[in-house]
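Visitor: I have a model open in front of me and would like to learn how to read it. Could you walk me through a few of its features?

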Amino acid sequence: MLSTHMTRRGFLAGCAAVLLAPAPARRSHARCTQSMGGHPAAGPHPTPRPGIDASKVVPAAGLADAPEALPAFEAARRIPQILDGIRCHCGCAEREGFYSLLSCFEGDGMARMCLVCQGQARLADRLEKSGRSLDEIRTAIDARYG
Amino acid sequence: MRPAAFASLVLLLAAAPAGAQIRASERARVSQVVDGTTITIDFARPRVRGRPVIFGRAVHWGEVWTPGANMATTLETDRDVVLDGHAVPKGKYSVWMVVDSASRWTMVLDSVWQQYHEERPPARAGQIRWPIAPASGGPTETLTWSFPDVTATGGTIRMAWADRVVQLPFRVTPTYPVTTARAEAAPILGRYAVTWLRQDGSVEPTWWPGQTVEVTYEDGALLARWAPKLWGPDPRTYLIRRSPTWYMLGFLERGEVADVFTEWVFEFDVAGGAARGFEVRGERDLLWGRGVRVP
């Protein structure tokens, strides 16, 4: 039974600890906004680059230390052209070399440890599968993470 | 000057900290963040220094006085606020008080913020003015601006010096307004049976078993009454609109929002003018729970 004295975020932290242990990527529980000093992530969504693909997205073999991030990376591989039209709300859009949410899933992008990057990709994937347009997905992501 | 003496002088000057200077009224700055709004007051701090009477003598009745010294006290807010019931657009203002009598003053915020204390501004466009009533207090030796209390939606700015205290309640522009239009709220209203899920999709039996939530519309906002309650002393939460069908929880303390729980979003499935239920999605878009409309 839940303790009536448990705090909301203590509850979530406890859930995460149970659900993800003994995964070594416990660091993933931190939001990028916190790790980056809470920068606001306002700004226009980028225009998807013509011909963009998922060739630079980290493959599953490179995510052994972050198994909980696998579904989000699968989403990035499935719909790179959608993710390339989304500005990430976690704060990493301010980083040098960043173009779009897709950038978070390439190279040493922070999606492997950021709940917000992962959540945006999974939400985009879910909405795209239900037939939503890029504009509708952007609106939903702004509502959820903006 | 002999070279040795000159070198000593240079060393002495170099040893003094840059900008170090004793002032009768030292400069100070206080700042407070409330729900993303930062209010900063920059002021000098005169001391009573044994003077038996400040207001009515050192500060004359009728004087336009900056509650500070030297350069006028400034107030800066990076978002619009409501100060003592008066709308103050974001910006930087010099702060003045017209000290009419012991109990009747006028607060003045002047958009020309960089002014010396003797450049007393006349009433003019660009000012926000309203009457205030200083209270007896103190004695306060050194003029002090402070934020003695802070809530989730505002607080109080306090100025105290000698035997007078001015308290100015303020409210910030909420990041997450609780209001929802009645037309958008209507499909959401009703009672739902809630099931909480493990991350593998199976039912989590220990989280609020048998829970229901009743959603009502009160004073322009959606209120959810949870049984059994979630966290905290109040069984109610606000549903805070993020889109026409997506809501976050706003937890209440003493009747006002004290925490917006952005980790979860409630996605209502609206069809035919009424929600059939909702999903609870976490930050990683994982499914945490479901609600199904019940009679």
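Guide: We will go from the helices of one chain to the contact between chains, and then to a sheet and one residue.

Guide: This is a predicted model, where local features need pLDDT of at least 70, side-chain atom pairs count only at pLDDT 80 or more, and totals for chains, interfaces and linings use all residues. Residues are numbered from 1 along each chain as its sequence is written, with chains lettered from A and ligands numbered from 1 in the order in which they are written.

Visitor: How many helices and strands are there in chain A?

Guide: Helices (H or I, at least four residues) and strands (E, at least two) are DSSP runs, numbered from the N terminus. Chain A has six helices and zero strands.

Visitor: How do I judge a single helix, say α5(A)?

Guide: Start with its span; the expected value is 1.5 Å times one less than the number of residues. α5(A) has 15 residues and reaches 21 Å from its first C-alpha to its last, close to the 21 Å expected. Just after this helix, A:Gly131 takes a positive phi of about 90 degrees.

Visitor: Is α5(A) mostly covered or mostly open?

Guide: A residue is buried if 20 or more other C-beta atoms lie within 10 Å of its own, exposed if 12 or fewer, and partly exposed in between, with C-beta atoms placed from the backbone. By that count, 11 of the 15 residues of α5(A) are buried, and the helix is mostly covered. Among them are A:Gln118, A:Gln120 and A:Asp125. For chain A, 40% of the 146 residues count as buried.

Visitor: Which residues touch the most other members of the largest nonpolar core?

Guide: In soluble globular proteins, nonpolar side chains tend to be buried together. A nonpolar core here is a set of buried Ala, Val, Leu, Ile, Met, Phe, Trp, Tyr and Cys residues joined through C-beta atoms within 7 Å. The largest one has 37 residues, and A:Ala76, A:Cys117, A:Ala121 and A:Ala124 touch the most other members. α5(A) gives the largest share of this core, seven residues.

Guide: Two residues are in contact if their C-beta atoms, placed from the backbone, lie within 7 Å. Leaving aside neighbours within four places in sequence, A:Ala124 is in contact with residues including A:Ala75, A:Ile82 and A:Ile141.

Visitor: How many residues of chain A are in contact with chain B?

Guide: 17 residues of chain A are in contact with 14 residues of chain B. The largest share of the chain A side, seven residues, comes from α5(A).

Visitor: And what does a sheet look like in chain B?

Guide: Strands of a sheet pair through backbone hydrogen bonds, either parallel or antiparallel. Here two strands count as paired if DSSP finds at least two bridges between them. In chain B, four strands form an open antiparallel sheet in the order β6-β5-β11-β10. β6 (86-88) and β10 (135-150) of chain B each have a single partner strand, so one side of each is left without a neighbour in the sheet. Three bridges join β5(B) to β6(B), and B:Leu83 stands opposite B:His86 in β6(B).

Visitor: Why does B:Phe266 count as buried?

Guide: B:Phe266 counts as buried because 25 other C-beta atoms lie within 10 Å. This residue is in strand β17 (residues 256-271) of chain B. Leaving aside neighbours within four places in sequence, B:Phe266 is in contact with B:Leu239, B:Trp246, B:Tyr247, B:Phe278 and B:Val280.
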